[in-house]
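Here is a short tour for the bench, best read with the model open beside you. Take the stops in order, or jump to the one you like.

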Amino acid sequence: MSHVICERGAAQVIKSYSPNLMVHPYMRDSNSLTPASTTTPSISTLLNDEILPPIYALMSRLHVVVVGPGLGRDKVMLEIATKVIERAKELGLHIVIDADGLYLVQQSPDVIKGYTKAILTPNIVEFQRLSNALGVEIPKGFPEDAATAKRTCHALAKAFGGPVVVAKGRVDYISDGNFEFTCDMPGGKKRVGGQGDTLSGTLSTFLAWKHAYQSRIWDHDVSLDEPSLMMLSAYGAAAITRYCSRAAYGKYGRAMLASNLSEMVGDAYSALLEDDKYRI
């Protein structure tokens, strides 16, 4: 089940997009919280008394939180997102951070440093900005040279000290600071804005399965440890997204849109997880 926590002005638009989404208009931006007079509660009071409590109540029922897509860079929205990340850490939830959530981390890296149940999904530009924020050098040859890209992804993950980093690009480089995976499955020939949302959503699915595995919902030998499960979740999501991109491009060509990737998700799971020819 997918819960969308958003600013109230966006709620009706999102609700009209799909009946499968549960939309919660709990967030506020600076314009809606500007005190009208000296008797109006402060922004801090509104956050603690009105905005955050219903969000926190909902979070107690979740397994994974995705922060960033559609967030924007409004100061109050970013403050709410920061509180959500901090609360998710307290609850031990898995966290996926993408898009403007990465801008938040760029400004305040400590909000996610050291947390091993988080996955960051920067593109090349976002990767460079995060590296600058953490003092990681971007060497010559990044990201074109595979060995250099792998080392640099390792260095950034090491600097974060816990989260998995998925450096998106022509090839996806994945590292937790100790181990590295490379996902070089062919994707589509067109890169569309919003394609990363498919990755974020797919990561959520794999991390929810990770939770189910660790909760022993089915019988197994618990042979996979925490770091392995985090890395495998990241690799699996990268592979699914690349398959979707390739399939969508194959159907729509240059007219492909980000929403077309969603049409391919079911086929991607079947092909990569059930078909012996492609099984990962």
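## A proline to start with

Where is P143 found? P143 is in the loop between helix 6 and helix 7. Please keep in mind that this is a predicted model, and so every value below is computed from predicted atoms.

The bond leading into P143 deserves a look: F142 and P143 are joined by a cis peptide bond, with omega at about 0°. As background, most peptide bonds are trans.

## Aromatic pairs

The structure holds 6 aromatic pairs. A pair of aromatic rings is described by the distance of the centres and the angle of the planes. Take F127 and F142: their ring centres are 4.9 Å apart and their planes meet at 25°, so this pair is stacked, given that planes under 30 degrees apart count as stacked. F127 belongs to helix 6 (residues 124–134), while F142 sits in the loop between helix 6 and helix 7 (146–160), so the pair ties together parts that are 15 residues apart in sequence. Both F127 and F142 are buried. F142 is thus a residue to click on twice, as it also takes part in the cis peptide bond with P143.

Now move on to F206 and Y269. The centres of these two rings lie 6.1 Å apart with the planes at 20°, so the pair is stacked. Distant parts of the chain are linked here: F206 is in helix 8 (residues 195–214) and Y269 in helix 11 (residues 265–273), 63 residues apart. F206 and Y269 are both buried. Together with W209, F206 and Y269 form one aromatic cluster.

## Arginines over rings

Two tyrosine rings have an arginine over them. The charged end of R73 sits over the ring of Y103, at 4.0 Å from the ring centre. Over the face of Y56 lies R87, 5.4 Å from the centre of the ring.

## Strand 7 and its neighbours

Which way do the residues of strand 7 point? In strand 7 (residues 172–175), D172 and I174 point one way, Y173 and S175 point the other way, and all are buried. In a regular strand the side chains alternate between the two faces of the sheet.

Strand 6 (residues 164–167) runs antiparallel to strand 7, and 3 bridges join them. V165 has S175 of strand 7 as its bridge partner. The connection from strand 6 to strand 7 is a hairpin through 4 residues.

Strand 7 is also joined to strand 8 (residues 180–183), by 4 bridges and again in antiparallel fashion. Here Y173 has T182 of strand 8 as its bridge partner. Strand 7 and strand 8 form a hairpin with 4 residues between them, and G177 in the turn has a positive phi of about 95°.

## Positive phi outside glycine

Most residues other than glycine have a negative phi. A99 has a positive phi of about 50°, although it is not a glycine. You will find A99 in the loop between strand 4 (94–97) and helix 5 (100–107). With a relative accessible area of 24%, A99 is partly exposed.

V222, which is not a glycine either, has a positive phi of about 50°. V222 is placed in the loop between helix 8 and helix 9 (226–252). Is V222 buried or partly exposed? V222 has a relative accessible area of 41%, so it is partly exposed.

Notes:
Residues are numbered from 1 along each chain as its sequence is written. This is a predicted model: local features need pLDDT of at least 70, side-chain atom pairs count only at pLDDT 80 or more; totals for chains, interfaces and linings use all residues. Side-chain values use heavy atoms; hydrogens and water are left out. Rings of Phe, Tyr and Trp (its six-membered ring) pair if their centres lie within 6.5 Å; planes under 30 degrees apart count as stacked, over 60 as edge-to-face and the rest as tilted. Helices (H or I, at least four residues) and strands (E, at least two) are DSSP runs, numbered from the N terminus. Buried means under 20% relative accessible area, exposed over 50%, partly exposed in between (1.4 Å probe, protein chains only). A charge sits over a ring if NZ of Lys or CZ of Arg is within 6 Å of the ring centre and within 35 degrees of the ring normal. Two strands pair if DSSP finds at least two bridges between them.
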